[in-house]
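Take a moment to look over the sequence and turn the structure around before reading on. The report below walks from the whole chain down to single residues.

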Amino acid sequence: MIGADGLKGLLPHRYPMLLVDRVTEVVPGERLTALKAVTCNEPWYAALPDGAGDLAHDYPAVLLVESWCQAAGVLAGGGGREAGRVPLLGGVSDVRLVGRVRPGDVLTHHVRLIRDVADTLIFAGGTTVADRPVMEVGRATMAVRSIKPI
């Protein structure tokens, strides 16, 4: 299991854009399962007026994709800033949103590595809420690159 400190060591993201809470399973070079709890206190809900209704609280699709991609970045094993390497997203295709996500839901991201060529990786998978599919990802391409200290 990888918690908050471990994630901060592997990903360059920080509040409010660190969108993975915990990794519950990782098989290096194969697959990963990660969790993200959605709450009504997310910063993207702050501008909603009182009485906006439940439909206004659908979790933004772009953040759902970003959260899944961060989980893929952990599987990419960039090593984090301390190791001088970070995962960089190249692109995502064949994404299907098949369910709604609301405050109180816990996202379970399922990521599979389907191809590894040098420092470029291709992933597929999806996201569920209580075993109900909410998103399918056909392909995400990521590269792991060295960074130079500032």
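About 8,100 Å² of the protein chain is exposed in this predicted model, and carbon and sulfur atoms supply 54% of that area. What share of the 150 residues counts as buried? The figure is 38%.

Now for the overall build. The protein chain holds 3 helices and 6 strands. Starting at the N terminus, these elements follow the order α-β-β-α-α-β-β-β-β. The C-alpha trace spans about 50 × 35 × 25 Å along its principal axes. A compact globule of 150 residues would have a radius of gyration near 15 Å, and the protein chain agrees because its own value is 15 Å. Contacts tell you how the chain folds back on itself: among those between residues at least 6 apart in sequence, 63% join residues at least 24 apart.

Next, look at charge. The protein chain carries 16 positive and 16 negative side chains, and the centres of these two sets lie 6 Å apart. Side chains of opposite charge can pair when their charged atoms come close. How many salt bridges does a search of the whole structure find? It finds 7, and the table shows some of them, including the N to O distance of each pair.

| Salt bridge | N to O distance |
|---|---|
| Arg31 and Glu30 | 3.3 Å |
| Glu42 and Lys36 | 2.9 Å |
| Asp58 and Arg100 | 2.9 Å |

Let us take these pairs one at a time. Are Glu42 and Lys36 buried or exposed? Glu42 has a relative accessible area of 8%, so it counts as buried, the cut-off being under 20%. Lys36 is buried too, with a relative accessible area of 5%.

The salt bridge between Asp58 and Arg100 links distant parts of the chain, with the two residues 42 apart. Asp58 sits in the loop between strand S2 (31–37) and helix H2 (61–76), while Arg100 sits in the loop between strand S3 (85–97) and strand S4 (106–117). Asp58 is partly exposed, with a relative accessible area of 24%, and Arg100 is partly exposed at 43%.

Salt bridges that share partners also join Glu25, Glu30 and Arg31 into one network. Within this network, Arg31 is partly exposed at 35% relative accessibility, and Glu30 is partly exposed at 43%.

Finally, a few places where the backbone deserves a closer look. Which two residues are joined by a cis peptide bond? They are Tyr15 and Pro16, with omega at about 5 degrees. Pro16 belongs to the loop between helix H1 (4–10) and strand S1 (22–27).

Ala118 has a positive phi of about 55 degrees, although it is not a glycine. You will find Ala118 in the loop between S4 and S5, and it counts as exposed because its relative accessibility is 73% and the cut-off is over 50%.

Ala130 is another residue other than glycine with a positive phi, near 50 degrees. Where does Ala130 lie? Its place is the loop between strand S5 (120–129) and strand S6 (132–146). Ala130 counts as exposed, at 72% relative accessibility. From C-alpha to C-alpha, Ala130 and Leu107 are 8.0 Å apart in space, although 23 residues separate them in sequence.

Terms used: Residues are numbered from 1 along each chain as its sequence is written. This is a predicted model: local features need pLDDT of at least 70, side-chain atom pairs count only at pLDDT 80 or more; totals for chains, interfaces and linings use all residues. Side-chain values use heavy atoms; hydrogens and water are left out. Helices (H or I, at least four residues) and strands (E, at least two) are DSSP runs, numbered from the N terminus. Buried means under 20% relative accessible area, exposed over 50%, partly exposed in between (1.4 Å probe, protein chains only). The radius of gyration is taken over C-alpha atoms; the globule rule is 2.2 Å times the number of residues to the power 0.38. Contact means heavy atoms within 4.5 Å. Accessible areas come from the Shrake-Rupley method with a 1.4 Å probe; for residues, only the protein chains shown count as cover. Lys and Arg count as positive and Asp and Glu as negative; His and the chain ends are not counted. The place of a charge is taken as NZ of Lys, CZ of Arg, CG of Asp or CD of Glu. A salt bridge is a side-chain nitrogen of Lys or Arg within 4 Å of a carboxyl oxygen of Asp or Glu.
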